[in-house]
Structures are given as C-alpha cells and as structure tokens.
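Trainee: I am new to this structure. Could you walk me through it, one question at a time?

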Amino acid sequence: MMNVLQTGKALYVLAAICLAGILVRMLAGSFYKGLIKESANLALTKNKYLRALKQNAEDTYRMNQGMNNTRVYLEKQLYSLKMLGLSVKGVESLSGQLTLLCFLVGGAAAFGAYWYRSDNYYIVLYGAVGILSGMLTMLVDYGVNLESRRQQLLTCLQDYLENVMWPRMARENAEIGMTAGETADKPGNLVRAIGRERRGQARRGMEQTAASREKLKEQAKGGEAESIGENWLKELNPEQKRVLGELLKEFIS
C-alpha cells in the first residue's frame with residue numbers, strides 16, 4: 001500500500017474513477033438525446049424501446065377507454081428504460097456515486113500518505129486530485145444535465161401522446177362507434193320498412209275493395225235501369241212502338 005502511495009499509482013485510480021464518471025454521464029446524455037429526437041414522431045421511430053412504449057400506450061388507452069394522467073404513465077414507463085444493462089435512473093445514480101467516489105478515494109489516499117508518513121507532497125497531491133476530479137465530474141454533470149434531458153423526453157412523449165395519438169384514437173373510436181350504431185340499427189330499419197310496406201298494401205287493398213263495391217253498385221243500378229227499360233218497352237202497343245221507331249230514325253238521320 002505504501003509503495004502505491006509513494007509512487008503515485010493512486011493517481012491512476014483517481015483518474016479512472018473520474019473518467020468513468022464523465023463517460024457514464026456523456027453516454028446517458030447521448031442516449032437521452034437520441035430518444036428525444038426519435039420521440040418527435042413515434043409512428044416512424046426505429047427505436048425498439050419507443051416502439052414498445054407506443055404499443056403499450058395504445059393498448060392501455062383502448063383497454064381503459066382513455067388515459068387520465070399521461071405524465072404519470074410515462075414516468076412509470078421510463079423506470080423500465082435500460083442502458084448498459086441498468087435502468088436510466090440507475091445510471092444517473094451511478095454517475096453521482098462515481099463523483100462521491102472521487103472525493104472518497106482522494107481523501108483516503110491523502111490520509112494513507114499521512115498515515116504512512118509519506119512526504120507532504122503526496123498528501124497534498126492526493127487530496128487536491130481527489131477534489132479536482134470530483135469537481136470535474138460535477139462540472140460535466142451540469143453540462144450534460146441528465147435530469148433536464150429526462151424531463152425534456154417526458155415532455156416530448158407527453159406532447160405526442162396527448163396532441164397526436166389520443167385525438168387520432170378518439171376519432172377512430174368515434175368512427176367505429178358510428179359504424180356499430182348503424183349496423184345495430186339496420187334490423188330496426190328493416191322492421192320499419194316492412195311495416196310501412198304492409199300498411200301500404202293494406203291501404204291499397206282497402207281502396208281496391210271500395211272501388212269494387214262502387215263498380216258493383218253501378219252495375220246493379222245499370223241492370224235495374226235496363227230492366228225498367230225492357231219492362232217499359234214491353235208495355236207499349238204496336239202503334240206506339242212504330243211511332244217510337246220513326247222518331248228514332250229521324251233523330252239518327
């Protein structure tokens with residue numbers, strides 16, 4: 001241990017921890033940046049996670065006939081977001097832990113140098129490098145700002161769901177409802193049409209019956225007149241019949 005402290009090899013450990021903290025933050029920031037870019041249009045995204053999120057959102061909306069709190073739903077979905085085999089929240093925690101580790105390792109190395117009565121140069125060196133490496137990771141953290149990017153991703157996803165996907169699905173549900181309503185109403189329309197046709201047939205039948213009765217009455221009246229005329233002609237004597245015939249000839253001519 002004393003050999004490690006006196007030869008300055010502990011500085012490599014501090015540099016590796018600091019570099020790991022910076023690299024993790026930059027990878028997480030780049031990961032968020034890609035998701036934010038892809039979330040502009042989930043319908044065309046090639047990101048596997050966003051496609052799965054879109055499908056889950058559609059299924060949830062259809063099952064529940066809507067979604068009351070899109071923000072809470074998206075935050076819950078982001079908990080399952082994986083990066084480097086860890087959740088994104090776990091990566092953010094790891095970056096913070098690496099920052100603290102820089103301070104701890106630097107302080108431990110400075111204390112070790114003091115404990116083994118090393119030169120004061122090493123005590124100051126390890127303490128200063130530990131502090132500077134930790135502050136450097138914090139500076140990168142402020143520059144990348146993972147929390148801000150996470151909130152930006154949530155806002156982009158919420159905007160797409162509430163202003164694009166939900167209205168589209170609402171229109172589709174309305175169209176399906178109208179089609180279903182028309183389909184369900186077809187038997188009723190058919191029954192009403194049959195009723196109207198039957199009433200029309202009954203009305204026509206009644207009119208035909210009334211016309212037939214009138215015709216029979218007229219025929220009966222005509223038969224009675226013809227019978228009366230025949231009886232009247234029979235009562236005339238031959239002379240009267242001759243005179244009537246001459247009158248008819250004159251009228252016709």
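**Inside helix α6**

Mentor: Let us start with the residues of α6 that are buried: Ile 123, Tyr 126, Gly 127, Gly 130, Ser 133, Gly 134, Thr 137, Val 140 and Val 144. Buried means under 20% relative accessible area, exposed means over 50%, and partly exposed lies in between (1.4 Å probe, protein chains only). Helices are DSSP runs of H or I with at least four residues, numbered from the N terminus. This is a predicted model, where local features need pLDDT of at least 70 and side-chain atom pairs count only at pLDDT 80 or more, while totals for chains, interfaces and linings use all residues. Residues are numbered from 1 along each chain as its sequence is written, and side-chain values use heavy atoms, leaving out hydrogens and water.

Trainee: How many Å does α6 reach from its first C-alpha to its last?

Mentor: α6 has 25 residues. The expected span of a helix is 1.5 Å times one less than its number of residues, and for α6 that expectation is 36 Å. The reach in the model is close to this, at 36 Å.

Trainee: Which residue just after α6 takes a positive phi?

Mentor: Look directly past the end of the helix, where phi is about 55°. The residue there is Asn 145.

Trainee: Which helix gives the most to the largest nonpolar core?

Mentor: A nonpolar core is a set of buried Ala, Val, Leu, Ile, Met, Phe, Trp, Tyr and Cys residues joined through side-chain atoms within 4.5 Å. The largest one has 35 residues, and Tyr 49, Leu 74, Leu 153, Leu 157, Leu 161, Met 165 and Trp 166 touch the most other members. At least two residues each come from α2 (10-38), α3 (48-64), α4, α5 (88-115), α6 (120-144) and α7 (146-235). The top contributor, with 9 residues, is α7.

Trainee: Is Gln 77 buried or exposed?

Mentor: Gln 77 sits in helix α4 (residues 70-78). Not counting residues up to four places away in sequence, Gln 77 touches Tyr 49, Leu 53 and Asn 56, contact meaning heavy atoms within 4.5 Å. Because its relative accessibility is 16%, Gln 77 counts as buried.

Trainee: And Tyr 114, is it buried or exposed?

Mentor: Tyr 114 lies in helix α5. Its relative accessible area is 55%, so Tyr 114 is exposed.

Trainee: Which residue forms a salt bridge with Glu 92?

Mentor: A salt bridge is a side-chain nitrogen of Lys or Arg within 4 Å of a carboxyl oxygen of Asp or Glu. Here the closest N and O atoms are 3.8 Å apart, and both residues lie in helix α5, 3 residues apart, about one turn of the helix. Glu 92 is buried at 14%, whereas its partner is partly exposed at 33%. That partner is Lys 89.

Trainee: Which residues are linked in a network of salt bridges?

Mentor: One pair is Arg 62 and Glu 58, at 3.9 Å from N to O, both in helix α3 and 4 residues apart. Another is Glu 172 with Arg 168, whose closest N and O atoms are 3.2 Å apart; both lie in helix α7. The linked residues are Lys 54, Glu 58, Arg 62, Arg 168 and Glu 172.
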